[in-house]
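Got a fold to poke at over coffee? Take a look at what's below, and then we'll go through some questions.

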Amino acid sequence: MKSAENPIMHRVDGLSLFRLSLVLAAFVFLQADIGAQQQPPKTTPANSSQTRQDNSARKTSSFDGRGELSWEMPGRLSIYDLQLGSAAFDEGDWKFLGASRTFNAGLFGDRLTIMIRFSYKATSAEIPLKFVIKLPDSRQYEETVKLIGKNGHHNYQFTIHKPLEFLGPGMVYLYYGLSIVDVLDFTIVPGS
């Protein structure tokens, strides 16, 4: 006597199993996407103390910047308002002459001083940053500086002697440990 075949139990071949797994994967992906869209964005209230601290930090800044975050290693170091331009020594202090990436060597004579300035926030004091400067037709120059304090402003300047001998594109690489923070490019032109 033949046993009655159960209509629910049937043979699943390889192609049907593959189709079933694709449908399940698509379902899981769509559910995760819908769940992410339904969550409200993470915002802080306008009257929070963090917002007030950020606004007061921008107001006490010694230079005007957009306040945008240029580079951040969460929990370690944040660098913002990163600018590059020429500088001049005036009244016993270095003065930033304006953010420009093209320098007319004829205007600076025998010495062109370039300044990099930024604001930072860190989780610990004495954060080491490495500046690597590459000029046309020359070896690269490296210098490590330590940011003093957990937050503040830093000005780094370097001088190019006889800038007419280094016409063309140059670059400044900024490193935190083995991580590159930014590459700041500039050009030295002969001028008239």
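Q: How many bridges join S5 and strand S8, and in which sense do they pair?
A: Keep in mind that this is a predicted model. S8 covers residues 151-161, and one rung of the ladder puts Arg-111 of S5 opposite His-161. The two strands run in the antiparallel sense, and the bridge count is eleven.

Q: Which strand pairs with S5 over eight bridges?
A: Look for the partner of Ile-114, a residue in S5: that's Ser-86. Ser-86 falls within residues 77-90, and the strand with that range pairs with S5 in the antiparallel sense. So the strand we want, by the rule that two bridges already make a pair, is S2.

Q: How many residues of strand S5 are buried?
A: S5 spans residues 111-122, twelve in total. Buried here means under 20% relative accessible area. The strand is mostly covered, and the number of its residues that pass is ten.

Q: What share of the whole protein chain counts as buried?
A: The chain has 192 residues, and its secondary structure comes to three helices and ten strands. It exposes about 13600 Å², with carbon and sulfur atoms supplying 55% of that. The buried share of the residues is 28%.

Q: Is Ser-100 buried, partly exposed or exposed?
A: Ser-100 sits in the loop between strand S3 (93-99) and strand S4 (102-104). Its relative accessibility is 30%. Buried would need under 20% and exposed over 50%, so Ser-100, at 30%, comes out as partly exposed.

Q: Which residue offers a backbone oxygen 3.1 Å from a polar atom of the Ser-100 side chain?
A: Leaving out residues up to four places away in sequence, Ser-100 touches Leu-84 and Gly-85. Gln-83 is 17 residues from Ser-100 in sequence, with the C-alpha atoms 8.6 Å apart. The backbone oxygen at 3.1 Å, though, belongs to Thr-102.

Q: Which residue of strand S10 has a relative accessible area of 40% and helps make a nonpolar surface patch?
A: The patch, about 220 Å², is made by Met-171, Ile-180 and Val-183. A patch member needs over 30% relative accessible area, so a partly exposed residue with 40% can qualify. S10 runs over residues 179-189, and the residue in it with that value is Ile-180.

Q: What percentage of contacts between residues at least 6 apart in sequence join residues at least 24 apart?
A: Along the sequence, the pattern reads α-α-β-β-β-β-α-β-β-β-β-β-β. A contact here means heavy atoms within 4.5 Å. Of those between residues at least 6 apart, the part joining residues at least 24 apart is 60%.

Technical notes. Residues are numbered from 1 along each chain as its sequence is written. This is a predicted model: local features need pLDDT of at least 70, side-chain atom pairs count only at pLDDT 80 or more; totals for chains, interfaces and linings use all residues. Side-chain values use heavy atoms; hydrogens and water are left out. Helices (H or I, at least four residues) and strands (E, at least two) are DSSP runs, numbered from the N terminus. Buried means under 20% relative accessible area, exposed over 50%, partly exposed in between (1.4 Å probe, protein chains only). Accessible areas come from the Shrake-Rupley method with a 1.4 Å probe; for residues, only the protein chains shown count as cover. Patches are made of residues with over 30% relative accessible area and no salt bridge: like charges are joined within 9 Å, nonpolar side chains (Val, Leu, Ile, Met, Phe, Trp, Tyr) within 5 Å. A salt bridge is a side-chain nitrogen of Lys or Arg within 4 Å of a carboxyl oxygen of Asp or Glu. A polar contact is a pair of N or O atoms within 3.5 Å; within protein, one must be able to donate a hydrogen and the other to accept it, and residues adjacent in sequence count only if both atoms are side-chain atoms.
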